[in-house]
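Trainee: I'd like to learn how to read a protein model by eye. Could you take me through it one feature at a time?

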Amino acid sequence: MVSDRRYFDLLAAGRKTIEVRVQYPNLRNLAPGQHIRFVCGRDEALTKVKRVSRYDSFEQMLDAEGAEKVNPDSPRHQQLANIRRIYGPEKEALGVLAIEIELIGT
């Protein structure tokens, strides 16, 4: 998965433990134990999926998961605005995934 630099750096430092995605068809079968390699430029971070939770909205996901796990440097209201800029309402309608990850290596 390709990642934005600010989010990648948090993930690679082990500070971001929840990755947010929408439920695209290729992510429907994502399960604990699988590996995800995040790439940003020439940098990579290998993670292991610990848990995948599904939600109806980004708000519901942030309330349940805790905004500090998604981005420890940004308040909840700013995260919600940022996520919705990345994923419009038609994407959010697909369903929201909170992917709990564990950093394995960089």
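Trainee: Which side chains meet Arg76 and Asp63 in a salt bridge, and what does that term mean here?

Mentor: A salt bridge is a side-chain nitrogen of Lys or Arg within 4 Å of a carboxyl oxygen of Asp or Glu. Here the side chains of Arg76 and Asp63 form one with each other, at 3.0 Å from N to O. Arg76 sits in helix H4 and Asp63 in helix H2, so this pair ties together parts that are 13 residues apart in sequence. Helices (H or I, at least four residues) and strands (E, at least two) are DSSP runs, numbered from the N terminus.

One thing to keep in mind: this is a predicted model, where local features need pLDDT of at least 70 and side-chain atom pairs count only at pLDDT 80 or more, while totals for chains, interfaces and linings use all residues. Residues are numbered from 1 along each chain as its sequence is written, and side-chain values use heavy atoms, with hydrogens and water left out.

Trainee: Are Arg76 and Asp63 buried or exposed?

Mentor: Buried means under 20% relative accessible area, exposed over 50%, and partly exposed in between (1.4 Å probe, protein chains only). Arg76 is partly exposed at 29%, and Asp63 is exposed at 56%.

Trainee: How many salt bridges are there in the whole structure?

Mentor: The search finds 13. Another one of them joins Asp43 and Arg5, at 2.9 Å from N to O. Asp43 is in strand S3 and Arg5 in helix H1 (residues 5–12), so parts 38 residues apart in sequence are tied together.

Trainee: Back to H2. Which of its residues are buried?

Mentor: Start with the general idea: an α-helix has 3.6 residues a turn, so residues three or four places apart point the same way. In H2 (residues 58–65), the buried ones are Phe58, Met61, Leu62 and Glu65. They cover an arc of only 95 degrees around the axis (taken from the directions from the axis to the C-beta atoms), which puts them on the same side of H2.

Trainee: And what is the largest nonpolar core made of?

Mentor: In soluble globular proteins, nonpolar side chains tend to be buried together. A nonpolar core is a set of buried Ala, Val, Leu, Ile, Met, Phe, Trp, Tyr and Cys residues joined through side-chain atoms within 4.5 Å. The largest one here has 14 residues, and Phe58, Met61 and Leu62 are among those with the most contacts inside it. S1, H2, H3, H4 and S4 each give two or more residues to this core. Apart from it lies another core of 13 residues, including Leu27 and Val49.
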